[in-house]
Amino acid sequence: MISPAVRLTVCRDCCCGNATKHPGVDHDAQLARLREIAGASGAAVTVSDCLDVCEHANVVVVHRRGERPAWFGFVKGDGVLDDLHEWIKNGGPVPDTLELHRISPPARS
Ligand code: FES
């Protein structure tokens with residue numbers, strides 16, 4: 001089996017995807033949209049337990065073959081999903097508006 005060139009890790013646990021902590025976001029619709037985005041680009045989606053950066057919820061990590069994973073936080077509105085879609089589809093550098101959502105991965109001990 002050939003692994004996809006792009007994989008998305010979508011955090012859904014104690015903070016990401018939590019309607020009590022983040023009301024006003026349709027988390028199920030967001031995950032469905034991320035699956036659509038991935039599917040249209042041949043990417044795979046994995047739903048993850050807490051990625052240890054809860055202060056940045058909702059968190060999505062984009063793994064592009066041959067590159068370091070790109071971590072994005074505060075993924076809540078349609079605009080950031082649009083930006084993710086365009087970047088995954090077209091490649092190239094991270095668009096400036098998406099760059100605003102970039103976060104650092106948690107420090108490893
Ligand atoms: S629940 Fe997503 S980083 Fe903790």
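**Entry 1. Salt bridges**

I counted the salt bridges in this predicted model and arrived at four. I then took up three of them, among them the pair formed by aspartate 82 and arginine 33, whose closest N and O atoms are 2.7 Å apart. Since aspartate 82 belongs to helix α2 and arginine 33 to helix α1, this pair ties together parts that are 49 residues apart in sequence. I checked the exposure of both partners: aspartate 82 is partly exposed at 36% relative accessible area, and arginine 33 is also partly exposed, at 22%.

I next looked up arginine 64, whose side chain meets that of glutamate 67 in a salt bridge, with 3.2 Å from N to O. Is arginine 64 buried or exposed? I found a relative accessible area of 13%, and because buried means under 20%, arginine 64 is buried. Its partner, glutamate 67, counts as partly exposed at 45%.

I also noted the salt bridge of arginine 102 with glutamate 99, at 2.7 Å from N to O. Arginine 102 has a relative accessible area of 36% and is partly exposed; glutamate 99 is likewise partly exposed, at 33%.

**Entry 2. Strand β3 and its partners**

I turned to β3, the strand that covers residues 60-64. The strand is mostly covered, with five of its five residues buried. In a regular strand the side chains alternate between the two faces of the sheet. I therefore sorted the side chains of β3 by direction: Val60, Val62 and Arg64 point one way, Val61 and His63 point the other way, and all are buried.

Which strands pair with β3? I found that β1 pairs with β3 in the antiparallel sense over five bridges. As one example, I recorded that threonine 9 has valine 61 of β3 as its bridge partner. I also found β4 running antiparallel to β3, with three bridges joining the two. Here valine 62 has alanine 70 of β4 as its bridge partner.

I then examined the hairpin of β3 and β4, which has five residues between the strands. Within this hairpin, glycine 66 takes a positive phi near 85°.

**Entry 3. Nonpolar cores**

I looked up the largest nonpolar core and found 20 residues in it. Val62, Phe72 and Leu84 have the most contacts inside this core. The elements that give two or more residues to it are β1 (6-11), α1 (27-40), β3 (60-64), β4 (70-72) and α2 (78-90). Which element gives the largest share? I found that α2 does, with five residues.

I listed the contacts of valine 62, leaving aside its neighbours within four places in sequence. The list holds Val6, Arg7, Leu8, Pro69, Ala70, Phe72, Leu84 and Trp87. I also recorded a second, separate core of ten residues, which includes Cys11, Cys16, Val59 and Trp71.

**Entry 4. Phenylalanine 72 and tryptophan 87**

I searched for aromatic pairs and counted one. The ring centres of phenylalanine 72 and tryptophan 87 lie 5.9 Å apart with the planes at 75°, so the pair is edge-to-face. Phenylalanine 72 is in strand β4 and tryptophan 87 in helix α2, so the pair ties together parts that are 15 residues apart in sequence. I found both residues buried: phenylalanine 72 has a relative accessible area of 0%, and tryptophan 87 has 4%.

What sits over the ring of tryptophan 87? I found the charged end of arginine 64 there, 4.6 Å from the ring centre. Arginine 64 thus appears twice in these notes, as its side chain also meets that of glutamate 67 in a salt bridge.

**Entry 5. Valine 94**

I located valine 94 in the loop between α2 and α3 (96-99). Is this loop residue, valine 94, buried or exposed? I found it buried, with a relative accessible area of 13%. Not counting residues up to four places away in sequence, valine 94 touches Phe72, Trp87, Glu99 and Arg102. I noted that this list takes in both rings of the edge-to-face pair, and both partners of the salt bridge between arginine 102 and glutamate 99.

I finally looked up the separation of valine 94 from valine 59, which is 35 residues away along the chain. Their C-alpha atoms are separated by 16 Å.

Notes: Residues are numbered from 1 along each chain as its sequence is written. This is a predicted model: local features need pLDDT of at least 70, side-chain atom pairs count only at pLDDT 80 or more; totals for chains, interfaces and linings use all residues. Side-chain values use heavy atoms; hydrogens and water are left out. A nonpolar core is a set of buried Ala, Val, Leu, Ile, Met, Phe, Trp, Tyr and Cys residues joined through side-chain atoms within 4.5 Å. Buried means under 20% relative accessible area, exposed over 50%, partly exposed in between (1.4 Å probe, protein chains only). Helices (H or I, at least four residues) and strands (E, at least two) are DSSP runs, numbered from the N terminus. Contact means heavy atoms within 4.5 Å. Two strands pair if DSSP finds at least two bridges between them. Rings of Phe, Tyr and Trp (its six-membered ring) pair if their centres lie within 6.5 Å; planes under 30 degrees apart count as stacked, over 60 as edge-to-face and the rest as tilted. A charge sits over a ring if NZ of Lys or CZ of Arg is within 6 Å of the ring centre and within 35 degrees of the ring normal.
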